[in-house]
Amino acid sequence: MITLKNIEKVYQTKTIETVALHNVNLHIPKGEFVSVMGPSGCGKSTLLNIMGLLDEPTNGIVEIDGKPISRYRDKELAHIRNQKIGFVFQSYHLINDLSVLDNVELPLLYRSGTSASETRHLALTALEKVGLSARTKHYPTQLSGGQRQRVAIARALIGQPELILADEPTGNLDSVMGEEIMNILLTLNRQDGTTIVMVTHDENMAQKTERLIRFFDGQQVSDAKTTAYDFQQV
Ligand SMILES: Nc1ncnc2c1ncn2[C@@H]1O[C@H](COP(=O)(O)OP(=O)(O)OP(=O)(O)O)[C@@H](O)[C@H]1O
């Protein structure tokens, strides 16, 4: 699905140069659920931004489905970003003035060729998947943190992405709500085959995924299959 080869990311400001990622080599096959852990500032968000084609590496090659992104035309890259990748963030990034349904429909407004009725149908299906069919007319401020995160996941799902990039999706939630979100992600991975890369500070959540990559100072320090994944019931 996505491969990173010798990725280097250097942030250069007037006074300081920060090496955020150094010599990162990774292959994420289709259908895998991977978690990424490491201390604050070790480059996790930078890694997700590069995988999500939101940022470019200073050096190295990003391949999508075996083809370096430099060989895709800009239009194709925008297409991949919009249609193959869904993003979920720790702080939800919902628009408070829009209803739950309107928030979920938002990504499709930028996609031509989807009719209003189809968009509505896809949004309702996505909300059903995250168990929020009864909250379509609510506004984000009327929801709990876990419900807001479920809206954010539905918004990521409406584009039917092959890859979900989640940056600390349970970071703002208590353990019960965190478990709920984790179960939704596990179901998406196992039932729909969605590839998921999740940054987390929570060792318990990470152990529920299939593979755990640990970073330190911009470099991978370990990359291993977890043991629990195969035995869990979702
Ligand atoms: N736009 C930027 N300009 C300069 N330096 C940056 C920029 N973004 C990130 N950095 C630096 O790059 C390094 C990696 O940052 P990154 O946000 O990827 O870390 P992280 O592991 O996600 O941290 P956290 O867990 O605290 O979110 C840090 O030292 C950070 O200060």
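These legends go with close-up views of one predicted model.

**View 1. The shell around the ligand.**
Let's start with the residues that surround the ligand: Tyr11, Thr13, Thr18, Ala20, Gly38, Ser40, Gly41, Cys42, Gly43, Lys44, Ser45 and Thr46. Sorted by character, the shell has 3 nonpolar, 8 polar and 1 charged residues. Strand S2 (17–28) and helix H1 (44–51) each supply at least two residues of this shell. Which element gives the most to the shell? It is H1, with 3 residues.

**View 2. Helix H1 and the residue just after it.**
Is H1 mostly covered or mostly uncovered? It is mostly covered, as 6 of its 8 residues are buried. The buried ones are Lys44, Thr46, Leu47, Leu48, Ile50 and Met51. Two of these names, Lys44 and Thr46, may look familiar, for they also appear around the ligand. Just after H1, look for leucine 53, which takes a positive phi of about 60 degrees.

**View 3. Helices H5 and H6 side by side.**
Here helix H5 (residues 145–157) meets helix H6 (residues 175–192), with axes that come within 9 Å and cross at roughly 20 degrees. Angles under 35 degrees count as roughly parallel, so H5 and H6 are roughly parallel to each other. Their crossing is right-handed. On the H5 side, the contact is made by Gly145, Gly146, Gln149, Arg150 and Ile153; on the H6 side, by Met177, Glu180, Ile181 and Ile184. These contact residues divide into 4 nonpolar, 3 polar and 2 charged. A handy rule helps when reading such lists: an α-helix has 3.6 residues a turn, so residues three or four places apart point the same way.

**View 4. Two loop residues with a positive phi.**
Most residues other than glycine have a negative phi. Aspartate 65, however, has a phi near 50 degrees, a positive value. This aspartate sits in the loop between strand S4 (59–64) and strand S5 (67–68). Glutamate 168 also has a positive phi, of about 50 degrees, and is found in the loop between strand S7 (163–167) and H6. Buried or exposed: which word fits aspartate 65? Aspartate 65 counts as exposed because it has 11 C-beta neighbours inside 10 Å. Glutamate 168 has 20 such neighbours, so it counts as buried.

**View 5. Glycine 131 in its loop.**
Glycine 131 lies in the loop between helix H4 (116–129) and H5. With 14 other C-beta atoms within 10 Å, glycine 131 is partly exposed. Glycine 131 and valine 24 are 107 residues apart in sequence, and their C-alpha atoms are 37 Å apart in space.

Key: Residues numbered from 1 in each chain as written. Predicted model: local features only at pLDDT ≥ 70, side-chain atom pairs only at ≥ 80, totals over all residues. Axes fitted to C-alpha atoms, helices over the stretch in contact; angles between N-to-C directions. Helix = DSSP H or I, 4+ residues; strand = E, 2+ residues; numbered from the N terminus. Parallel < 35°, antiparallel > 145°, perpendicular 65-115°, else oblique. Left-handed = near helix turned anticlockwise from the far one by under 90°. Contact = placed C-beta atoms within 7 Å. Nonpolar A, V, L, I, M, F, W, Y, C, P; charged D, E, K, R; others polar. Near = placed C-beta within 6 Å. Buried ≥ 20, exposed ≤ 12 C-beta atoms within 10 Å, placed from the backbone.
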